[in-house]
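Reader: I would like to go through this model with you, one question at a time, and hear the reasoning behind each answer.

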Amino acid sequence: MLQAEIKTLQHKLLEMGGLAEQMLRQAIESVLTRDEALARTVIRTDDKIDQFENEIETLCIQLIALHQPVAFELRFLTMALKISQNIERLADKSVAIAKRSLELLQYPPVKMFVDLPYVAQVIQTMVKDVLDAFVNRNAELALEIRGRDDEVDEIYERMHDELLSILGEHPGLIQPGISLLLVFRHFERVGDLAANISEEVYYLVKGDIIRHLDTDC
Amino acid sequence: MLSEKELSILSIRNLNIWYGEKQILNSLSFEVQQKQVTAFIGPANCGKSTLVRCLNRLNDFIPNFRSTGEILFNGIHLGASTDTTALRKQIGMVFRKPIPFRCSIYENVAYGARISGINQSAHLDTVVEENLRKVGLWNEVENILDETPKQLSIGHQQLLCIARALAVEPEILIFDEPCGELDPIETVKIETLVRELKNDCTLIFATNKRRQAARVSDIAGFLYCGELIEFGATEKIFTNPQDNRTEQYVTGRLG
């Protein structure tokens, strides 16, 4: 009986994850192509994500209370709670990127950094792959995705410093510059959240908590 | 408009039961909805069995039994003039200890169908096979239908009793601690079956196993010292009970 409920729950989580993935793609595209309509679509979609999170949380609590699961089923239900929470945060970051995208529209186009589309690609792939790792119960992939977050963090640090030095020299660019810096910051957080989910997938499959261990472990 | 599932099949109104001077149930009122699993939980001697046995008038045999209040089955009052044989065809019962009849496995299931007026052997064969399949016992017994059920495990005997009860196509099937004698694997079988059977009929379940009620029921009622302390959606009873005694019971600190 619980197995059937777990299938329903997994289906719901994947629907939520797919929607969050789509929001991230649209939010990034709205920044790169200065597409106001797309940015507003992302902001509107957030309500659906919140609804998913509530439904999944309610279902998990009910299943834990009614079935008192153990072993894999217990890991699945506790991780489903955490994964849905991280997907919701991830969607919030897409909304934040879309809002920065709307801010950037108020200023003439600034020269995009070459790292922006690159890091956008990295984080999108991380999100897509971590959902695949979840579906396929792939602990090795989860571990590898977690490692990719280091590169995202490095690029963010570098861009942060570069942007600050440019803004120091061109005070007229401070407002769009801050919006752009925040876009990078949100990208970096998306990487963190995908890494969190990968740790949860690892725990789901292996039963080992790797949250506070180094990524090169 | 109420859907089929939301219709009350049983209405219990202000039910009081005494055995001699001792009051066993105290002012119980609740509704049982069609095609749902309703479970009654509570510690030993709280009145669960007395309650479910009232529903098809099995307590009538007990000396000094006395009751007040109303039990309405499909809106009709179950009173002294009720035809109990007809009633027990419509409201079947599965007991804690399986009680197969002292006849063949086939005859156990065919028995109910015969008293319902089915006599053609081809028809009886169909009824027997259908109901043994429904409870998942057909493959185990199809080659030993003429033998007595004694050789079956307790769990299989219980499944046979359920098949026998189903053969008369009851509207309600009552389970009184049906897994009390069974091992965990057999228990899972019965619980899964109960979930499946609710597509065909209404199920009422009395158990002192909290977890079992949580797993199988849609609606749960907590009985304590003859009172119905709380009655409502099972997920609500097990995630956010409204009465402190229910909270104490479902968390294992009472009873």
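Reader: How many residues does the contact take from chain B, and how many from chain A?
Author: The model is a predicted one. In it, the contact draws on both chains, with seven residues coming from chain A and, from chain B, nine residues.

Reader: Which helix gives the most to the side of chain B that touches chain A?
Author: On that side of chain B, α7 (184–197), α8 (210–216) and α9 (234–239) each supply at least two residues. By class, the side of chain B that touches chain A holds two nonpolar, three polar and four charged residues. The element that gives the most, with four residues, is α9(B).

Reader: Is B:Leu173 buried or exposed?
Author: B:Leu173 has its place in strand β7 (residues 172–176) of chain B. Leaving aside residues up to four places away in sequence, B:Leu173 touches B:Gly92, B:Val94, B:Ala165, B:Leu197, B:Cys201 and B:Leu203. A residue counts as buried if 20 or more other C-beta atoms lie within 10 Å of its own. Because B:Leu173 has 23 other C-beta atoms within 10 Å, B:Leu173 is buried.

Reader: What separates the C-alpha atoms of B:Leu173 and B:Ala220?
Author: Along the chain, B:Leu173 and B:Ala220 are 47 residues apart. In space, the separation of their C-alpha atoms is 16 Å.

Reader: What is the radius of gyration of chain A, and why is chain A said to be as compact as a globular protein of that length?
Author: Chain A has six helices and zero strands, and its elements run α-α-α-α-α-α from the N terminus on. For 217 residues the globule rule gives 17 Å, and the value for chain A is close to this, so chain A is as compact as a globular protein of that length, with a radius of gyration of 19 Å.

Reader: How far apart are the end C-alpha atoms of helix α5 of chain A?
Author: Helix α5 (residues 139–169) of chain A has 31 residues, and at 1.5 Å a residue these should span 45 Å. The distance between its end C-alpha atoms agrees with that expectation, at 47 Å.

Reader: Which helices are included in what covers the buried residues of α5(A)?
Author: The buried residues of α5(A) are A:Ala142, A:Ile145, A:Arg146, A:Arg148, A:Asp149, A:Val152, A:Ile155 and A:Met159. An α-helix has 3.6 residues a turn, so residues three or four places apart point the same way. What covers the buried residues of α5(A) includes two helices of chain A, α4 (115–135) and α6 (174–206).

Technical notes
Residues numbered from 1 in each chain as written. Chains lettered and ligands numbered in written order. Predicted model: local features only at pLDDT ≥ 70, side-chain atom pairs only at ≥ 80, totals over all residues. Nonpolar A, V, L, I, M, F, W, Y, C, P; charged D, E, K, R; others polar. Buried ≥ 20, exposed ≤ 12 C-beta atoms within 10 Å, placed from the backbone. Rg over C-alpha atoms; globule rule 2.2 N^0.38 Å. Expected span 1.5 Å × (residues − 1).
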